[in-house]
Amino acid sequence: MFDVYFVFIVYTVHPFPIKTIMSNSSPNVESLYNKSLNQFCDSMNEDILKNVLKWLPPSISLQMIWKILRVNDGCEKFIYNHKLKDSELSSINRGREIAQMSLQNSGYVAPVSYRQMSSETHEGFATIQQTKFVDCFNFSNYFNLTLFSKLVDVTNYRSQLFTIFQICVQINGFKFPQHLADEWIKIEIEDDNDNINVHHIEQGLKLGFFLGDAGWFSECALVLSHTYKIITTKWMCPDRNLELVKIIQCLTKWLLVVSNYHNFDESKIVLQHMLQTIDIIEKIEGRTLCIAYAYVAVSQYYYVLMEFNEAWSWAVKAVYELRDKSADILKLLVISHAIRVCSVLNKLSTAKKLINQLHTYEKEIDQNIHVDLLLNEACYSLKADLAKDSINSYYIALDSRRNLFGYYNLHTAIVFVDYAYARYVCDYSTTDFNEAMRSILQGIFIMEKIGLPNDNMLLVNAGRIKALILEEKALDIMDRDLQADGIKRLLERMKKNMLNEAEALHLKALKVSLQAVGVKALLTAKSYCNLGRLYQSQEKYTQSEQMHLKAIEIKESILGKDNPEVALSLGHLASLYTYQLKKYQDAEELYLRSKTIYETTYGRQYTGLLYDFQGLVEVYRELNNTEKYNQYNENILRFHETREAWLHQVHTAIDENCTKDDLSLEKFKCILNECACDK
C-alpha cells in the first residue's frame with residue numbers, strides 16, 4: 001500500500017490540485033488518498049501535529065485539521081446544497097427548529113415559549129446549536145497568524161476554514177479574533193523595504209477580508225484601517241495603478257463592514273476616502289480596473305442610513321460598471337444587491353426580472369455566497385406578499401450561518417434580527433408573534449454575548465424590533481374576551497409592563513440615533529415614528545402627535561413632501577386623528593395626501609393604500625358623508641382585486657427578452673432600463 005507521505009509528495013510536486021489529480025485518475029485514487037489521510041490522522045499526536053502544520057501543503061493541512069477535529073462527527077445533516085431539493089427542505093426544517101428554539105424533550109420537539117426565555121434556556125439551547133468537535137491535540141494553540149496566512153490561500157476549502165476558525169473562538173473565547181488582529185498590527189515593518197511592505201499589505205488585506213467574511217466586523221475594521229495607513233503612508237509603490245488597486249480593495253471591504261456594523265462615525269470617514277479614490281480612478285483614461293463592488297459598498301452605506309434613492313443610484317452604477325470579463329461571483333453579488341435595493345423601493349417588477357435572470361445561472365455557488373443571494377431575494381419575497389418564500393429563505397440562512405460560523409456569531413445574530421422583523425410583518429394579520437419574539441431574543445442574546453457595546457446601533461435596532469413585537473403582543477392581550485375582573489386586572493398590568501418596556505427600548509433607540517447620526521436623519525425619524533405609534537397605544541395622545549409631527553418634519557426636510565416615507569408618517573398621524581383625537585377633517589386631508597403620494601409613486605396596487613382607504617371609510621362614516629363612505633368601501637374591494645391581479649402578473653410574467661443567457665450584462669441593463677429590445 002502506498003504510504004500517505006507518497007501521496008503528499010505527489011501533491012507537492014504535481015502542478016495541479018489534488019482534486020484534479022484524483023478526478024483524472026482511476027476511481028481508486030481518491031479513496032487511496034482519503035484512506036492514507038485517515039491513517040495519518042489516526043496516528044496523530046500533538047508533537048506530530050505541531051510539525052506537520054509547518055511543512056504540509058496548505059490544502060492538505062486544512063483537510064487534516066478538519067479530520068482530526070472530527071467536526072460534527074462528519075454528519076451530513078449539516079451540509080446544505082442549494083442544487084438538491086431534499087437538501088433544501090432539510091435546511092428549512094433545521095432553520096425552523098432554530099428559530100422556534102425547539103428542544104428535544106422526552107422524545108418530542110417542543111418550542112420554547114416567550115415566558116421560558118431565561119438566560120439558562122438561552123445558554124442550553126446555544127450549547128446544542130454550537131459546532132461539535134474534538135480537540136485531542138490542542139490544535140487551537142497552534143492557530144496563529146502564521147498558520148492562518150498559510151490556510152487562507154486555500155480558497156476551495158473556505159467554508160471549512162470559517163468553521164475551524166469558529167471552533168478556535170469556541171475554545172479560546174470571543175476575544176480570539178481580536179488577539180489575531182492585534183498580533184498582525186503589532187508586527188514592526190521597515191519603512192524603506194517595499195518587498196516587506198507589499199507582503200504585509202497582502203497579509204493585512206487577507207486577514208481583514210477573512211475577519212469581515214467570518215462575522216467579526218470590528219476586528220476586520222481594525223485590521224483594514226491599519227492596512228490603509230500602511231498603503232498610504234509607508235508604501236512607496238512605483239506602480240500607481242497597483243497602489244490604487246490595493247487602496248480601493250481595502251476601502252471597499254472597510255466601508256462595507258463599518259456600514260453593516262452601523263459604526264456611522266467611522267463609515268463617514270471611510271466614505272470620504274472612498275469617494276476621493278473613486279474620483280481618481282474614474283478619471284484614468286482607458287482604465288480597465290472594474291470598481292463595481294466599490295459602488296456596491298457606497299450603495300450599502302446609504303441603504304443602512306435608509307437613504308434608498310441614493311442607494312439605488314449607486315447600485316445601478318455598480319451594474320453598469322461590470323464588464324463581460326468580470327468574475328461570475330462579482331456579477332452575482334452586484335445584481336443581488338440591486339435586487340435588495342429596488343425591492344425596498346417597491347420596484348418589484350424590476351426585482352423579479354433580475355431574480356429570474358440570476359436563476360438562469362446553473363453553476364455551483366459557494367454556500368456563503370448563495371445565502372447572501374437568498375437573503376436579498378427574501379427582501380423581494382416579503383414585499384411581494386410571498387411570505388412563505390421569504391420565511392423559508394430565512395430558515396435556510398439561519399441553518400447555513402449557524403453551520404458555517406457557529407451560533408455565537410454576528411452573522412447568525414443579524415439573520416435572527418432580520419427574520420424577526422420579517423416574521424413580525426408576515427404575522428401582523430394573525431397577531432401570533434411568538435416565533436418573531438423568540439428570534440429577536442436570540443439575536444439580542446448573541447449580540448450581547450459576543451460583546452457588542454450597549455450603544456451599538458445593531459443591538460439598539462434589535463431592541464427596537466423587540467419593542468414593535470412587544471407592543472403588538474400587549475395590544476393582543478386586551479383583545480381577549482375575558483369576563484373575570486381579576487384576570488382583566490392581571491392582563492392590564494401585563495399590557496402596561498410590556499408597553500413600558502417597549503417605550504424604554506424606543507427611547508434608547510432615539511437617544512443612540514441622535515448621538516450617531518443627529519436629528520436630521522431618517523434613522524432618527526424612524527425612532528420618532530415608532531414612539532408616535534407606541535404613545536398612541538399607551539393613550540398618550542398629545543405625545544403621540546408630537547412624535548409623528550417631528551417624524552414628518554425630518555422626512556420632508558430630507559426627502560421632500562411627496563416621498564412615500566413621508567406618506568407613511570402622514571398615515572400614522574391620520575390614524576391618531578381618526579380613532580383617538582377625532583380630528584376628522586385633518587385626518588381626511590392627511591389620508592388623501594398620503595394616498596396621492598402612494599398612487600403617484602407606486603401605483604394603485606401598493607399595500608399602503610389599503611390603510612388609507614380603511615381610514616377614509618372611518619372618517620366619512622363619522623362625517624356622515626354617505627357618498628364618499630360608499631366610494632372608499634368600493635375602493636377597498638377593488639384594491640384587493642387590483643393587487644391580486646398585479647401580484648399574479650409579477651410572479652408569473654416571463655420576459656423572453658431577459659432570460660436567454662446566464663449573466664449577460666446586456667440583459668441586466670435592459671431590465672434596469674425597462675427596455676423591450678430583443679437583446
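When I say two residues touch, I mean they have heavy atoms within 4.5 Å of each other. Keep that in mind for Leu332, where I'd like to start. And a quick reminder before we go in: what you see up there is a predicted model.

So, Leu332. You'll find it in helix α17, which covers residues 328-344. Leaving aside residues up to four places away in sequence, who does Leu332 touch? The partners are Leu358, Tyr361, Ile365, Leu373 and Leu663. Look at that last name. Leu663 is 331 residues away from Leu332 in sequence, yet the two C-alpha atoms sit 8.1 Å apart in space. And is Leu332 buried or exposed? Its relative accessible area is 1%, and the cut-off for buried is under 20%, so Leu332 counts as buried.

Okay, zoom out for a second. The protein chain has 31 helices and 2 strands. Of its 679 residues, 53% are buried. Now take the contacts between residues at least 6 apart in sequence: 68% of those join residues at least 24 apart.

Next, let's walk along three helices, α28, α29 and α30. Helix α28 is residues 584-601 and helix α29 is residues 608-622; their axes come within 9 Å and cross at roughly 155°. Anything over 145 degrees counts as roughly antiparallel, so that's what we call α28 and α29. The crossing of α28 past α29 is left-handed. On the α28 side, the residues making the contact include Tyr584, Tyr591, Leu592 and Tyr598. From α29, you have Leu609, Phe613, Leu616 and Tyr620 among them. Sort the residues of this contact by class and you get 11 nonpolar, 3 polar and 5 charged.

Now the other neighbour. Helix α30 runs over residues 626-652, and the axes of α29 and α30 come within 8 Å, crossing at roughly 160°. Because of that angle, α29 is roughly antiparallel to α30. Here too the crossing is left-handed. The α29 residues in this contact include Leu609, Leu610, Phe613, Leu616, Val617 and Tyr620. Across from them on α30, you'll see Tyr629, Tyr632, Ile636 and Phe639, among others. By class, the contact of α29 with α30 has 10 nonpolar, 4 polar and 2 charged residues. If you're clicking along, try Phe613: that residue is in the contact with α28, and Phe613 is in the contact with α30 as well.

Last stop, some backbone oddities. Most residues other than glycine have a negative phi. Well, Glu539 has a positive phi, about 65°, and it's not a glycine. Where is Glu539? In the loop between α25, residues 522-537, and α26, residues 541-559. Glu539 is exposed, with a relative accessible area of 55%.

While we're in that region: UniProt, in an unreviewed entry, puts a "repeat: TPR" feature at residues 525-558. In the model, that span is 91% helix and 0% strand, and its end C-alpha atoms lie 10 Å apart.

The other one is His262, also not a glycine, with a positive phi of about 60°. His262 is in the loop between α13, residues 240-260, and α14, residues 264-282. Buried or exposed, this one? His262 is buried, with a relative accessible area of 17%. So that's two loop residues with positive phi, Glu539 and His262.

That's my tour. Questions, anyone?

Terms used. Residues are numbered from 1 along each chain as its sequence is written. This is a predicted model: local features need pLDDT of at least 70, side-chain atom pairs count only at pLDDT 80 or more; totals for chains, interfaces and linings use all residues. Side-chain values use heavy atoms; hydrogens and water are left out. Axes are lines fitted to C-alpha atoms, for helices over the stretch in contact, and angles run from 0 to 180 degrees between N-to-C directions. Helices (H or I, at least four residues) and strands (E, at least two) are DSSP runs, numbered from the N terminus. Angles under 35 degrees count as roughly parallel, over 145 as roughly antiparallel, 65 to 115 as roughly perpendicular and the rest as oblique. A crossing is left-handed if the near helix is turned anticlockwise from the far one by less than a right angle, and right-handed if clockwise. Ala, Val, Leu, Ile, Met, Phe, Trp, Tyr, Cys and Pro count as nonpolar, Asp, Glu, Lys and Arg as charged, and the others, Gly among them, as polar. Buried means under 20% relative accessible area, exposed over 50%, partly exposed in between (1.4 Å probe, protein chains only). UniProt positions are given in the numbering used here, feature names are shortened, and annotations may be inferred rather than shown by experiment.
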